[in-house]
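Trainee: Hello! I am new to this structure, could you walk me through it?
Mentor: Gladly, let us take a look together.

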Amino acid sequence: MLLERSKRMAMVGASPNATRPSWMVARYMKTRGYDVLPVNPRAEGKSLLGGPLHPSLAEIPEASDPIDMVVVFRKSEDAGAIVDEAMEPLKARGLQTIWLQIGVRDEAA
């Protein structure tokens with residue numbers, strides 16, 4: 001199963017606002033033992049659930065652990081650019097899956 005083989009995920013569009021779905025999903029995934037790397041360019045310098053918010057996928061520090069999955073909490077029109085940003089640098093870091101949330105659609109991506 002997809003989530004059984006994924007341990008570390010970058011969450012693009014993660015919000016430090018506890019009323020947002022992305023915050024709730026990040027919290028749930030952390031309580032289930034996943035390493036969640038939140039990404040939100042507008043929240044630079046802030047933290048989410050005890051860890052830093054990264055301004056972009058490219059600015060997630062290199063680590064020995066692979067990034068298995070990118071989860072996208074952004075508008076459909078942003079999805080293509082996020083997929084493009086994730087493909088090359090994160091593929092080399094173990095990226096296996098890009099998950100677009102329900103309602104986010106970009107056929108080319």
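**A walk through the sheet and its surroundings**

Trainee: In what order do the four strands of the open sheet stand?
Mentor: Keep in mind that this is a predicted model. Its open sheet has four strands, and their pairing is parallel. The edge strands, which pair on one side only, are β2 (35–39) and β6 (97–100). Neighbouring strands are turned by 20° against each other on average, direction ignored. Read across the sheet, the order is β2-β1-β5-β6.

Trainee: How confident is the predictor, and where in the chain is confidence highest?
Mentor: The average pLDDT of the chain is 85, and 94% of the residues score at least 70. Confidence is lowest in helix α1 (residues 2–5), with a mean of 77. The highest value, 94, belongs to α2.

Trainee: Which residue in β5 is the bridge partner of Met11?
Mentor: Start with the strands: β1 (residues 8–12) and β5 (residues 69–72) pair in the parallel sense over four bridges. Along this pairing, Val12 stands opposite Val72. For Met11, the bridge partner in β5 is Val71.

Trainee: And which residue in β2 does Met11 stand opposite?
Mentor: β1 and β2 run parallel and are joined by five bridges. One of the facing pairs is Arg8 with Asp35 in β2. Opposite Met11, the β2 residue is Pro38.

Trainee: What is the handedness of the crossover from β1 to β2?
Mentor: The chain leaves β1, passes through α2 and arrives at β2, a β-α-β crossover. Helix α2 (residues 21–31) packs on the sheet, where it touches β1 and β2, and its direction makes about 170° with that of β1. The crossover is right-handed.

Trainee: How many of the residues of β1 are buried?
Mentor: Look at the two faces of the strand in turn. On one side Arg8, Ala10 and Val12 are buried, and on the other side Met9 and Met11 are buried too. Strand β2 is also mostly covered, with four of its five residues buried. For β1, the count is five of five.

Trainee: Which element supplies the largest share of the largest nonpolar core?
Mentor: This core has 14 residues, and those touching the most other members are Met9, Met11, Val36, Leu48 and Val71. At least two residues come from each of β1, α2 and β5. The largest share, three residues, comes from α2.

Trainee: How many residues does the second, separate core have?
Mentor: Ala10 and Val12 belong to it, and so do Leu37 and Ile67. In soluble globular proteins, nonpolar side chains tend to be buried together. The size of this second core is twelve residues.

Trainee: Which residues does Val71 touch, not counting those up to four places away in sequence?
Mentor: Val71 is among the core residues that touch the most other members. Its contacts include four residues with numbers in β1: Met9, Ala10, Met11 and Val12. The full set is Met9, Ala10, Met11, Val12, Trp99 and Gln101.

Trainee: Is His54 buried or exposed?
Mentor: His54 sits in the loop between β4 (51–52) and β5. Beyond its neighbours within four places in sequence, His54 is in contact with Leu37, Pro38, Val39, Asn40, Pro41, Glu59, Ile60 and Pro61. Its relative accessibility is 9%, and the cut-off for burial is under 20%, so His54 counts as buried.

Trainee: What is the phi of Leu49 near?
Mentor: Leu49 lies in the loop between β3 (47–48) and β4, and it is partly exposed, at a relative accessible area of 32%. Most residues other than glycine have a negative phi. Leu49 has a positive value, near 50°.

Trainee: How far apart in space are Met87 and Asn40?
Mentor: Met87 is part of helix α3 (residues 76–91). With a relative accessible area of 32%, Met87 falls between the cut-offs of 20% and 50%, so it is partly exposed. In sequence, Met87 and Asn40 are 47 residues apart. In space, C-alpha to C-alpha, the separation is 18 Å.

Note on methods. Residues numbered from 1 in each chain as written. Predicted model: local features only at pLDDT ≥ 70, side-chain atom pairs only at ≥ 80, totals over all residues. Heavy atoms only, no water. Pairing = 2+ DSSP bridges. Axes fitted to C-alpha atoms, helices over the stretch in contact; angles between N-to-C directions. Contact = heavy atoms within 4.5 Å. Core = buried A, V, L, I, M, F, W, Y, C linked by side-chain atoms within 4.5 Å. Buried < 20%, exposed > 50% of the residue type's maximum accessible area, 1.4 Å probe, protein only. Right-handed = clockwise from strand over helix to strand, strands pointing away. pLDDT = per-residue confidence, 0-100.
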